[in-house]
Amino acid sequence: MGRFERVKYSMVAFNILICLSGLLLLAAVLLLLLYPSAIRHIVSINTVFFAGTVYVIVLSVVLLILGILGSVAAYRESRGLLMLFFMLILVVFMAELGAAISALLFKYQLTKEYFEDDLINYYTGDNQTSTYTANSNSIMIFFECCGVNGPKDFLHTLEFVILNPFHEVPEACCKRDKLTADRAIINTQECFAGTVEFINNKGCFDLISEQVEYYLYGLGALNIWILIIEIFVMIFAIWLYQRA
């Protein structure tokens, strides 16, 4: 087998890896959204998280298409398809690189203060009128936590205080009976009165941030892997184009 054939089949193999990486990326996002179930509310609670999730889904589909296109271009030894593939994969590579840098920079802005501001500005306590509130309540119930730092966060949440002047915390912060099928609140009155024994006293930020970081690091590592593969297929594509 000559050098041309070796490069040709290497490019096909690397494009298959791109397809598999796209499938793995899609599977990782679906896992993030479906298990555990409250993670989807974390994604929905912040527009940047939501936009990032949509970006990854779109990217995974694009990688599947490009992987197939690259394999066909290499196998058929078509100069036109090879150049088209090279241009498209270059655009995707630059987009991925830009997104990775943006995500890295944004990561350092995801502080407790960032989420505290969101809670103060958008939390109302009413699931019917606020999507942010509904998602926040789902997170607090699922993770058995309260606020960003703890129950005292709601003393500064103006709209909640105005709408619920006699409640120290929202219903989502109340401790629930795990032995009942509907996980009923143990004592609503004592919870609303601020009795410590009937409130989930841990803040949500510390409970959730470590769990979310595992997913983000995993996606980041997969993204680096994909970028490396793309560099190789671009080299193969331009080499085959010049000799096809």
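## Exercises on pockets and helices

In this predicted model, α9 contributes 7 residues to the lining of the second largest pocket, and no element contributes more.

**Exercise 1.** Describe the second largest pocket by its volume, its central residues and the elements around it.

*Solution.* Begin with the space itself, which amounts to about 490 Å³. Next, turn to the lining, which is made of 20 residues, with Phe49, Phe115, Phe205, Ile208 and Ser209 nearest the centre. Two or more lining residues come from each of α5 (112-122), α6 (131-143) and α9. Finally, sort the lining by class, which gives 15 nonpolar, 3 polar and 2 charged residues.

**Exercise 2.** Carry out a similar description for the largest pocket, and find which element gives the most to its lining.

*Solution.* The volume of the largest pocket is about 1,000 Å³. Its lining holds 33 residues, and those closest to the centre are Ala99, Ala103, Leu104, Leu216 and Leu219. The elements that each supply two or more of the lining residues are α1 (3-34), α2, α3 (47-76), α4 (79-107) and α9 (204-243). Among these elements, α9 gives the most, with 12 residues. Sorted by class, the lining has 26 nonpolar, 5 polar and 2 charged residues.

**Exercise 3.** Examine helix α6 from its beginning to the residue just after it, and list its buried residues.

*Solution.* At the N-terminal end, Ser130 acts as a cap, with a side-chain oxygen 3.4 Å from the backbone nitrogen of Tyr132. The helix has 13 residues, and the distance from its first C-alpha to its last is 18 Å, close to the 18 Å expected at 1.5 Å a residue. The buried residues of α6 are Tyr132, Thr133, Asn135, Ser136, Asn137, Ile139, Met140 and Phe143. Just after the helix, Glu144 has a positive phi of about 55°.

**Exercise 4.** Decide whether His41 is buried or exposed, and then find which residues it contacts beyond its neighbours within four places in sequence.

*Solution.* First, place the residue: His41 belongs to helix α2 (residues 39-44). Its relative accessible area is 17%, and the cut-off for a buried residue is under 20%, so His41 counts as buried. Beyond its neighbours within four places in sequence, His41 is in contact with Asn135, Ser138 and Ile139. As a last step, take one of these partners, Ser138, which is 97 residues from His41 along the chain, although the two C-alpha atoms are separated by 7.0 Å.

Key: Residues numbered from 1 in each chain as written. Predicted model: local features only at pLDDT ≥ 70, side-chain atom pairs only at ≥ 80, totals over all residues. Heavy atoms only, no water. Helix = DSSP H or I, 4+ residues; strand = E, 2+ residues; numbered from the N terminus. Buried < 20%, exposed > 50% of the residue type's maximum accessible area, 1.4 Å probe, protein only. Contact = heavy atoms within 4.5 Å. 1 Å grid on protein atoms, 1.4 Å probe; cavity = no way out; pocket = protein on both sides within 12 Å on 5 of 7 lines; lining within 4 Å. Points joined across faces, edges and corners; volume = space filled by probe spheres on them. Nonpolar A, V, L, I, M, F, W, Y, C, P; charged D, E, K, R; others polar. Expected span 1.5 Å × (residues − 1). Polar contact = N/O pair within 3.5 Å; in protein donor to acceptor, adjacent residues only side chain to side chain.
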